[in-house]
Amino acid sequence: MTSPGPAALVIVANRLPVDQVSEPDGTTSWRPSPGGLVSALEPVMRENDGTWIGWTGGRDDRMEPFEADDLDLVPVTMTAQEVEEFYEGFSNATLWPLYHDLVAKPEFHREWWDSYVSVNRRFAELAAEHAAESATVWVHDYQLQLVPQMLRELRPDLRIGFYLHIPFPPAELFQQLPWRRQILEGLLGADLVGFQLPGAAANFVRLVRQRVGHKTHRDLIYLPDGRTVRAGAFPISIDTAGYEELARSEAVVERAAEIREALGDPRKVFLGIDRLDYTKGIHARLRAFGELVRDGHFDVEDAVFVQVAVPSREQVEQYRLLRDDIDRLVGHINGDYGRIGRPAISYLHSSYPREEMAALYRAADIMVVTPYRDGMNLVAKEYVACRHDNTGALVLSEFAGAAEELRQAYLINPYDINGMKSALVGAARADDKELARRMRAMRKTVIQHDVAAWADDFLTELNDGDLTHDKVVRPARRL
Ligand code: GDG
C-alpha cells in the first residue's frame, strides 16, 4: 500500500479512528470506530485531505500507512512494554487520576515517564513526516501532551492546536507531578490549547505563569521567542441530529418498547451508561438506588435500574478492583431486594452498537449521570438528543463539564448520597409539564451546539489567529 501524500490537516490522537474486525474467512479488516470524535472530524478530514495518526491498539504490529473508508491512516507502533508503561501506566494510572481530582491515587514512576517521552516523540516524528508545508496539526488529549513542543521543534512552519478532553486540574493538584514543567512546556508548543471549560483554561494559564514564568494576559501567554499561545474553552458536543434521527427510526422505537417489555413493563426505568471507570460514580449511584428500594421509595415491581458498564482499561489494577466492587454491590442489592424475574438492578458489563444505545436512551425515564469528575460527559448530551418528545429526566453531577450547559438537569453532588436519593425521587415523581420544561431547554442547548460546531469553532480559532498563515484549513461546514 502506498503512503498518503503530505496532508494539509493532520489529526494526532492516541487511537486511530478504526477498529480491527475479524472476518469469518480468517482475514481481518478495519471498521470505523463509533466515537463522536470520528464523526466530528471525518467531514473536515475529507474536505482537507486529512491524515490521522494514531495507535491501532495492538502490540508490535509494525504496520504501514493504509486507507480505510477513504481516510488516510498512519499507524503508530507500540511494544508490549510501551503499552504497559506509556498507556496503562503514565497515561491511565498517573495522569488520569491526577487530572480527575485524585479520585484514585496517582502513581509516579520514572520508567513510565521515560516511556511517555519516547512514545510522544514517535507520534511527533510521524506528524512531522506527514504534514504538508504550513499544514494544520490538531493533537488530542492527555496521552500526547508533549507532542506540540516536539513537533514545533521539528517543523516550525506548522500551525499546531491541542485539545484536552479531560479536566485540567487546579495548580494545587497539578503541582504534585514530578514532570509538571515538562508537561506545561510540551503544551506550549501549540498555538491554541483548548479545554472543555473556561476554569480549566484558567488553571493552565495560572500554572504557566507560576511554574514557567511566562507573561500572561487573560487567555494569552507570551513566550520569550515572540510567539503567543492562546488557551480557551471549547466544550465538546455530539452529533445531535444523528442521534435524534436514530431515536426516531422505526427499528429503535420498536427496540425501546421491547426493552421495556423485557424489563417487565415497570413504571420507571432508570439508566446509567458509562465506561467502567472509577471517575464515573457508578458505585455511589447504585448504592443510592439500592437504599431507595430498601426504604420503600421504589418497589422492584415498578422500578428498575439498568446499568451498562462498558469494559475499559482492564489491565489496570484500579479498574479490576472497581469491577469486583460493582459486581459485589449489584449482587447484594439484587440478592436482598430482588424478586423472581424482578432484579432491582439489571447490570450489563458489555458494549453495544449505537442503535442499542439509542434504544436504551428512548426506553429510560430517568438518565443517571453521577461522575465525581468528568471533562464533559457525552452520554448526558446523547440522552437529551434522543428525547425529541421532551419526555424523560436527566440527573446530572455538578462535577461533569456538561453541567455548565445543561443547567435544567436535576443537578447533584455525587459525594452526597442523601442529596442524590432526593434527586432520584424528585425526578421520578416530577409531572410531565415540569419534565418537558426542563428537557426543552436542554435540547435547545445540544441542538444549537453540536459536535460540528465544536470542531468548527476550534479550527476557526486556530487558523484565524494568524492571518499571515497561508494554508488555512477550513472547517467542513463553511465550505
Ligand atoms: C472522555 C472524557 C468527554 C459508551 N458505551 C458505548 C458507547 N459509548 C459512547 C457513548 C459516548 C462515549 O462512548 C463516552 O463518552 P463520555 O463523554 O461519556 O466519556 P469518556 O469515554 O470518559 O470520554 C469525557 C469525552 O472524552 C469527549 O471529549 O466528554 O469527559 O472523559 O459517546 O455513547 N458507544 C457504543 N457502544 C457502547 O457500548 N457504540
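**Exercise 1. How far is an oxygen atom of the ligand from a polar backbone atom of Asn377? Work out the ligand's polar contacts and its cover.**

Ground rules before we dig in: this is a predicted model, where local features need pLDDT of at least 70, side-chain atom pairs count only at pLDDT 80 or more, and totals for chains, interfaces and linings use all residues. Residues are numbered from 1 along each chain as its sequence is written, and side-chain values use heavy atoms, with hydrogens and water left out.

Step 1. Take Asn377: the distance from its polar backbone atom to a ligand oxygen is 3.0 Å. A polar contact here is a pair of N or O atoms within 3.5 Å; within protein, one must be able to donate a hydrogen and the other to accept it, and residues adjacent in sequence count only if both atoms are side-chain atoms.

Step 2. Add Met376, where a backbone N or O atom sits 2.8 Å from an oxygen atom of the ligand.

Step 3. Switch to side chains: an N or O atom in the side chain of Asp374 is 2.5 Å from a ligand oxygen.

Step 4. Now the cover. On its own the ligand has 730 Å² of accessible area (Shrake-Rupley, 1.4 Å probe), and the protein covers 83% of that.

**Exercise 2. Describe the shell around the ligand, and say why the ligand lies between two domains.**

Step 1. Count the shell: 21 residues surround the ligand, with His165, Tyr352, Asp374, Leu378 and Glu382 the closest. To be in, a residue needs a heavy atom within 4 Å.

Step 2. Sort by type. You get 11 nonpolar, 5 polar and 5 charged residues. The nonpolar class is Ala, Val, Leu, Ile, Met, Phe, Trp, Tyr, Cys and Pro; Asp, Glu, Lys and Arg are charged, and the others, Gly among them, are polar.

Step 3. Look at the helices. Both α12 (354–363) and α13 (378–386) supply at least two shell residues each, and α13 gives the largest share, 3 residues. Helices (H or I, at least four residues) and strands (E, at least two) are DSSP runs, numbered from the N terminus.

Step 4. Bring in the domains, whose bounds come from an automatic or database assignment. Domain 1 (7–236 + 455–464) and domain 2 (240–448) both give residues to the shell, so the ligand lies between them.

**Exercise 3. Which strands stand at the edges of the 10-stranded sheet? Trace some of its pairings too.**

Step 1. Write down the order: β5-β6-β4-β1-β7-β8-β9-β12-β11-β10, an open sheet with mixed pairing. Pairing takes at least two DSSP bridges between two strands.

Step 2. Read off the ends. β5 (66–68) and β10 (215–217) each have a single partner strand, so one side of each is left without a neighbour in the sheet.

Step 3. At the β5 end, β5 pairs antiparallel with β6 (71–76) over 3 bridges, and Glu67 faces Asp72 in β6.

Step 4. Further along, β9 (192–195) runs parallel to β12 (228–233), joined by 4 bridges; Gly194 has Gly232 as its bridge partner.

Step 5. On to β11 (220–222), which pairs antiparallel with β12 over 3 bridges, with Tyr222 opposite Thr228. β11 and β12 make a hairpin with 5 residues between them, and Gly226 in the turn has a positive phi of about 95°.
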